[in-house]
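Reader: I would like to go through the labels attached to this structure one at a time, asking in each case what value and what cut-off stand behind the word. Please set each value against its definition before you conclude.

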Amino acid sequence: MVTAIYPGTFDPVTLGHVDIASRASALFDRVIVAVYATPSKNLLFTTVERMEMFQGSVRHLPNVEVRDFNGLVVRFAQDVGAAVIVRGLRGGSDFEYEFEMAFMNRKLAPRVDMISFMTSQDYMFISSSLLKEVALLSGDVTEMVPPHVAKAVYSKYGMTVPEG
């Protein structure tokens, strides 16, 4: 049985994140979405909120679970018995970052591999940071996130979901 982890901040989860988790679930026996609890960035949502949003987004995938973690990704991978770290790539800048991270992780944990999925074209332009900025400025992000996530994002900004 091969376990993979899909780590990230997921603040908030986007349809791109859900797509990567779905595709990973088709390849691996068990996928753990690993929500990083203490990133060095300003978050809109708490760890519990981010986990709940992702859980609500992957309920239809029986082999996917959502957990939080702190510290090194490779240490978490080892702790849960994962052989693979899953990452998504949107473009060249993602590749450079992930390339360096893959070699560092390989040095720290040689038995944990990294697999990168190219994002689906429909989601290439979506990032959680950009999505939050668009929502804050009253833009419509409803086609970029699951419906329950759109509601949560707009609620954080004291708004209602735009009607399309």
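Reader: Why is threonine 47 called buried?

Author: Buried means a relative accessible area under 20%, exposed means over 50%, and partly exposed covers what is in between, with a 1.4 Å probe and protein chains only. Threonine 47 has 18% relative accessibility, and because that value is under the cut-off it counts as buried. The model is a predicted one, in which local features need pLDDT of at least 70 and side-chain atom pairs count only at pLDDT 80 or more, while totals for chains, interfaces and linings use all residues. Residues are numbered from 1 along each chain as its sequence is written, and side-chain values use heavy atoms, with hydrogens and water left out.

Reader: What places threonine 47 in helix 2, and which residues is threonine 47 in contact with?

Author: Helices (H or I, at least four residues) and strands (E, at least two) are DSSP runs, numbered from the N terminus, and threonine 47 falls in helix 2. Contact means heavy atoms within 4.5 Å; leaving aside neighbours within four places in sequence, threonine 47 is in contact with Val35, Ala37 and Asp68.

Reader: Helix 6 holds both tyrosine 154 and serine 155. What makes the label of tyrosine 154 buried, and what label does serine 155 receive?

Author: Tyrosine 154 has a relative accessible area of 1%, and therefore counts as buried. Serine 155, at 49%, falls between the two cut-offs and is therefore partly exposed. With residues up to four places away in sequence left out, tyrosine 154 touches, among others, Ala135, Val141, Met159 and Pro162.

Reader: How do you know that arginine 87, a residue of strand 4, is buried?

Author: The relative accessibility of arginine 87 is 15%, under the cut-off, and arginine 87 therefore counts as buried. Beyond its neighbours within four places in sequence, its contacts include Gly8, Tyr97, Glu98, Met101 and Phe117.

Reader: What makes the pair of arginine 87 and proline 7 a polar contact?

Author: A polar contact is a pair of N or O atoms within 3.5 Å, where within protein one must be able to donate a hydrogen and the other to accept it, and residues adjacent in sequence count only if both atoms are side-chain atoms. Here a polar atom of the side chain of arginine 87 and the backbone oxygen of proline 7 are 2.8 Å apart.

Reader: Why is phenylalanine 117, in strand 5 (residues 113–118), given the label buried?

Author: Because its relative accessible area is 9%, phenylalanine 117 is buried. Its contacts, neighbours within four places left aside, include Ile20, Arg23, Leu27, Val86 and Leu89. The C-alpha atoms of phenylalanine 117 and arginine 23 are separated by 8.4 Å, although the two residues are 94 residues apart along the chain.

Reader: What makes a group of residues a nonpolar core, and which residues have the most contacts inside the largest one?

Author: A nonpolar core is a set of buried Ala, Val, Leu, Ile, Met, Phe, Trp, Tyr and Cys residues joined through side-chain atoms within 4.5 Å. The largest such core has 35 residues, and Tyr6, Val33, Phe54 and Val86 have the most contacts inside it. A second core of 13 residues is separate, and includes Val73, Phe76, Ala77 and Ile85. Valine 33 touches Tyr6, Phe10, Phe54 and Val66, among others, not counting residues up to four places away in sequence.

Reader: What makes phenylalanine 10 and serine 138 stand out in phi, and how is the peptide bond from aspartate 11 to proline 12 described?

Author: Most residues other than glycine have a negative phi, and most peptide bonds are trans. Phenylalanine 10, which is not a glycine, has a positive phi of about 55°, and serine 138 has a positive phi near 70°. The bond from aspartate 11 to proline 12 is cis, with omega near 0°. Both phenylalanine 10 and proline 12 belong to the loop between strand 1 and helix 1, whereas serine 138 is in the loop between helix 5 and helix 6.

Reader: Which of the labels, buried or exposed, goes to phenylalanine 10, and which to serine 138?

Author: Phenylalanine 10 has a relative accessible area of 4% and is therefore buried, while serine 138, at 54%, is over the upper cut-off and therefore counts as exposed.
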